[in-house]
Amino acid sequence: MASSVETAVRATVTKGISALAAFNRRRLPDVAAHPFLSGIHAPMAGETTIVDLPVTGTIPAGLDGRYLRIGPNPVEPDARGYHWFLGDGMVHGVAVKDGRALWYRNRWIRSNAVAAALGEAPAPGPRHNFDTVNTNVVEIGGRTWALVEAGSYPVELDFTLEEQTYNDFDGTLEGSFTAHPHRDPDTGEQHAICYEGTDPNTVRHVVIDRDGRVVREEPVSVRHGPSIHDCAITARYVLILDLPVTFSMRALIGGHAFPYQWNPDHPARVGLLPRGGTAADVIWCPVDPAYVFHVANAYDAEDGKVVLDVCAYASMFAEATGGPNGRSLGLERWTIDPGARTVTRRTIDASPQEFPRPDERRFGKPYRYAYTMALPNHADAEFIGATALYKHDLEAGTRETHTFGDGHYPGEFVFVPAAPESAEDEGWLIGLVVDLANETTDLVILDAQKFAGPPVASIRIPHRVPPGFHGNWIAG
């Protein structure tokens with residue numbers, strides 16, 4: 001535990017560095033067409049509510065709830081030092097019931113900065129390190145939460161997105177949270193690996209019970225301040241991805257808002273933390289250098305090894321571009337041997353792809369299907385630029401493709417089972433698709449078992465919803 005003197009010194013140093021970083025950011029060139037502030041990424045200028053949206057096809061009768069997606073949407077865009085990952089958060093939502101699209105809403109998360117720009121009061125509730133929340137929106141304990149990693153507490157949202165409250169899970173969360181908690185389908189617990197932007201030496205295994213209260217925050221020592229965006233769970237372990245993207249003081253002082261860079265001197269490793277264990281129990285297994293934003297799934301194999309499926313990159317943030325810029329290695333399977341402390345990597349599909357999603361009833365268990373979003377085959381400065389989704393049959397070793405057509409760009413799609421006991425691919429895939437030429441967006445519903453076929457339904461949103469990060473179906 002840090003002494004009060006040490007804490008005061010750190011706070012003073014941090015304030016001084018922040019002031020220097022802000023000064024240097026103002027000296028950076030103002031890019032006329034920043035790739036993540038223009039074109040398909042150009043932010044929306046305001047908020048709107050639209051009721052009774054037009055529907056093509058038939059919305060499945062079993063869909064009753066909201067599709068929510070969050071992403072960056074700067075309220076006062078400034079290209080100097082801007083990074084896509086740090087824009088002000090905006091939530092987009094479509095409510096569906098009885099075969100109708102009841103409404104669309106988009107709302108900024110009322111951080112202190114957003115509220116000041118809008119001339120409004122900020123969202124109430126406690127702050128922690130910073131308060132920009134822009135990365136995921138999920139259901140935990142029957143409530144809706146907007147999430148970000150590395151600092152801020154989550155923001156609790158009401159049904160209409162109007163009421164927002166910064167909330168440390170009702171006083172039970174001590175430190176930061178994550179953008180990617182994973183729900184154990186057997187226990188209902190949420191597991192997360194969390195890191196603090198202000199503490200380069202520690203990450204934490206956080207567990208939230210089915211009622212939405214934190215019941216564990218176990219510290220694990222690391223070095224260099226690794227950026228750990230996602231994690232995985234199995235019946236035995238929580239997997240820690242300690243990979244070579246780490247905090248860069250040089251980038252921070254230089255004015256770059258996202259101070260993480262590729263660090264070839266940081267050893268890449270995967271940690272197997274027994275779910276009830278301590279830092280001393282972590283089994284660290286070296287892996288060839290790579291970076292992973294997102295995990296599809298993981299599970300314990302019968303021979304005692306651990307299987308982990310990821311979308312991997314050869315490197316990431318090796319240079320400042322304002323967004324992700326590494327070469328995609330496609331979908332890989334990493335087989336981890338706890339006894340030998342080794343990781344064997346195998347390519348499942350080398351095509352560039354991201355945002356892997358399984359049937360989440362299979363989290364931590366052997367599974368068959370994973371769904372991913374295609375990425376451009378070339379180094380695209382805007383990251384978004386492909387027009388297809390993939391369905392991987394991991395047992396058969398095959399892939400299906402759903403193509404949306406030229407100029408139609410999908411984001412992440414989420415799988416929604418048709419019924420609690422339905423088969424693994426018996427259900428719907430739901431996500432947003434931008435028609436860039438017409439500046440419109442559709443919430444598209446696909447039949448997962450007829451993946452390559454036409455959509456079951458499309459709900460038209462009469463404007464372009466800028467590409468964001470993560471979306472989920474929140475049942476009514």
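**Exercise 1.** Which side chain of opposite charge is nearest to Asp-230, and how far away is it?

*Solution.* The structure is a predicted model. Begin by placing the residue: Asp-230 sits in the loop between strand 13 (214-221) and strand 14 (232-233). Next, consider its charge partner: the nearest side chain of opposite charge is Arg-357, 8.5 Å away. A salt bridge requires a nitrogen and a carboxyl oxygen within 4 Å. Asp-230 has no salt bridge, although it is buried.

**Exercise 2.** Determine which polar partners the side chain of Asp-230 has.

*Solution.* First, the side chains of Asp-230 and His-182 are joined by a polar contact of 2.7 Å. Second, the Asp-230 side chain reaches the backbone nitrogen of Val-295 at 2.9 Å. Finally, the residues that Asp-230 touches include His-180, Leu-241 and Phe-293.

**Exercise 3.** Explain what the salt bridge between Asp-52 and Arg-100 ties together.

*Solution.* The two side chains, Asp-52 and Arg-100, meet at 2.5 Å, N to O. Asp-52 belongs to strand 1 (residues 48-53) and Arg-100 to strand 5 (residues 100-108), so the pair ties together parts that are 48 residues apart in sequence. Asp-52 is partly exposed at 47% relative accessibility, and Arg-100 is partly exposed at 44%.

**Exercise 4.** State whether each partner in the salt bridge of Glu-162 and Arg-107 is buried or partly exposed.

*Solution.* The bridge between Glu-162 and Arg-107 spans 2.7 Å, N to O. Glu-162 has a relative accessible area of 46% and is partly exposed. Arg-107, at 8%, counts as buried.

Conventions: Residues numbered from 1 in each chain as written. Predicted model: local features only at pLDDT ≥ 70, side-chain atom pairs only at ≥ 80, totals over all residues. Heavy atoms only, no water. Helix = DSSP H or I, 4+ residues; strand = E, 2+ residues; numbered from the N terminus. Buried < 20%, exposed > 50% of the residue type's maximum accessible area, 1.4 Å probe, protein only. Lys, Arg positive; Asp, Glu negative; His and termini not counted. Polar contact = N/O pair within 3.5 Å; in protein donor to acceptor, adjacent residues only side chain to side chain. Contact = heavy atoms within 4.5 Å. Lists of a residue's contacts leave out its neighbours within four places in sequence.
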